[in-house]
Amino acid sequence: MKPFRYERAGDEGAAVALAAAPGARFLGGGTNLVDLMRLGVETPDVLIDVSRLPHDVIETENGGVRVGAGVRNSDLAADPIVRTRYPALAQAVLAGASGQLRNIATTGGNLMQRTRCAYFQDATKPCNKREPGSGCPAREGEHHNLAIIGHSEHCVATHPSDMAVALCALDAVVHVVGADGSRTIPVVDFHRLPGDTPERDSVLEPGELIVAVELPPLPVAAHSRYRKVRERASFSFALVSVAAALDLADGRVRDVRVALGGVAHKPWRATRVEALLRGEAADEARFAEAAAVELEQARPLRDNAYKVRLAHATLVRTLVELST
Ligand SMILES: Cc1cc2nc3c(=O)[nH]c(=O)nc-3n(C[C@H](O)[C@H](O)[C@H](O)COP(=O)(O)OP(=O)(O)OC[C@H]3O[C@@H](n4cnc5c(N)ncnc54)[C@H](O)[C@@H]3O)c2cc1C
Ligand code: SF4
């Protein structure tokens with residue numbers, strides 16, 4: 001591993017100032033970044049430890065919740081407010097990694113974790129995300145677990161975070177601070193589609209620090225769930241996942257939120273499903289119809305067409321469960 005300097009930031013301002021150094025990277029729990037450093041994929045000169053910066057889950061004045069970027073995944077999943085008002089978020093976090101990893105991984109780091117595409121993780125292989133312009137061997141090579149929606153000729157990777165899928169469905173926003181001040185970014189817009197710049201996973205600018213994620217007061221979120229389909233029962237990333245929230249009145253859909261994971265370069269907010277279901281009868285046939293319309297956008301690759309059927313079935317099953 002390339003030698004690097006370690007700094008611990010005392011506060012957000014100090015972290016942002018330290019991030020101006022060439023080759024600087026923020027360090028959360030290190031469960032992804034340090035792995036990638038060992039593989040030679042990441043080669044920072046300076047690591048700025050921000051894992052002790054805001055690490056509380058606080059109820060906001062309007063009845064939402066603000067989660068500090070340093071909150072460990074285990075603490076987030078165990079928080080009583082999160083468990084009762086945003087159960088899909090607690091379930092999504094618990095569906096990721098292992099107990100040991102969740103004890104150390106942070107909220108900010110989880111959002112910023114890199115793709116698990118095998119070519120990205122192998123520094124001896126070409127990869128447009130790691131080395132722009134070098135090519136995308138996954139398109140013709142190993143891609144059975146990669147994207148079916150929103151990919152480009154330059155990259156077909158998926159975003160690996162379970163937590164981000166739930167945050168996307170539940171209308172969360174990311175609070176960031178950088179050299180030019182602070183701003184908020186809806187989670188739905190935080191991660192990007194690859195286009196011709198797949199090296200950029202998110203809209204975060206270099207040196208910008210995530211300080212918190214905020215969930216709005218959202219009554220429908222109390223009736224939400226996260227369902228993840230994977231190749232083995234634990235310690236495995238999603239082939240497909242669904243975060244959904246559903247509120248019914250007299251058998252009709254009063255409110256609904258849906259996002260898909262494992263299908264795109266970002267958590268995929270299923271806006272077509274939401275638009276087609278609002279005000280409609282809550283029955284399996286409608287759910288199936290809406291899911292099919294959403295998935296008309298899918299452009300599966302040679303070996304991952306199974307994900308279209310899997311996403312459809314997982315989405316319908318999750319909505320049926322929420323409606324009964
Ligand atoms: C074996 C294994 C299995 C896993 N399975 C799953 C799974 O099933 N589902 C899943 O979702 N995840 C899974 N993970 C990934 C795990 O969730 C992530 O590694 C973890 O959430 C990253 O958090 P961290 O704090 O350790 O981030 P770090 O590794 O410290 O950082 C990751 C990235 O975030 C950046 N960063 C960190 N904090 C900030 C901040 N505040 N502002 C801006 N940038 C920041 C870093 O610079 C780095 O680029 C798995 C990991 C392993 C090793
Ligand atoms: S899919 Fe993306 S991450 Fe994977 S090899 Fe292609 S460019 Fe690299």
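**Exercise 1.** In this predicted model, find the side chain that offers an N or O atom 2.6 Å from an oxygen atom of ligand 1.

*Solution.* Start with the shell: 35 residues surround ligand 1, and Phe-26, Gly-30, Thr-31, Thr-106 and Asp-162 come nearest. Now look at the ligand's oxygen atoms: one of them is 2.6 Å from an N or O atom in the side chain of Thr-106. Next, try the nitrogen atoms. Asp-162 has a side-chain N or O atom 2.6 Å from a ligand 1 nitrogen. The backbone joins in as well, with a polar atom of Ala-97 sitting 3.2 Å from a nitrogen atom of the ligand.

**Exercise 2.** Work out what kinds of residues make up the shell around ligand 2.

*Solution.* First, pick out the nearest ones: of 13 residues, these are Cys-117, Cys-127, Cys-136, Cys-155 and Val-156. Then sort the shell, and you get 10 nonpolar residues, two polar and one charged. Finally, check the space itself: what ligand 2 takes up is the largest cavity.

**Exercise 3.** Is Ser-74 buried or exposed?

*Solution.* Locate Ser-74 in helix H3, which spans residues 73–78. Its relative accessibility is 19%, and buried means under 20%, so Ser-74 counts as buried. Then follow its side chain, which makes a 2.6 Å polar contact with the side chain of Asn-103.

**Exercise 4.** Which residue of E10 is the bridge partner of Lys-228?

*Solution.* Begin with strand E9, residues 224–229: Ser-224, Tyr-226 and Lys-228 are on its covered face, while Arg-225, Arg-227 and Val-229 are on the uncovered one. E9 runs antiparallel to E10 (residues 240–249), with six bridges joining them. Across from Lys-228, the partner is Ser-241.

Terms used:
Residues are numbered from 1 along each chain as its sequence is written. Chains are lettered from A and ligands numbered from 1 in the order in which they are written. This is a predicted model: local features need pLDDT of at least 70, side-chain atom pairs count only at pLDDT 80 or more; totals for chains, interfaces and linings use all residues. Side-chain values use heavy atoms; hydrogens and water are left out. A residue is near a molecule or strand if one of its heavy atoms lies within 4 Å of it. On a 1 Å grid over the protein atoms alone, a cavity is a set of points where a 1.4 Å probe fits but cannot get out, and a pocket is an open set with protein on both sides within 12 Å along at least five of seven lines; lining residues have an atom within 4 Å of a point. A molecule sits in a cavity or pocket if more than half of its atoms lie within 2 Å of its grid points. Ala, Val, Leu, Ile, Met, Phe, Trp, Tyr, Cys and Pro count as nonpolar, Asp, Glu, Lys and Arg as charged, and the others, Gly among them, as polar. Buried means under 20% relative accessible area, exposed over 50%, partly exposed in between (1.4 Å probe, protein chains only). Helices (H or I, at least four residues) and strands (E, at least two) are DSSP runs, numbered from the N terminus. Two strands pair if DSSP finds at least two bridges between them. A polar contact is a pair of N or O atoms within 3.5 Å; within protein, one must be able to donate a hydrogen and the other to accept it, and residues adjacent in sequence count only if both atoms are side-chain atoms.
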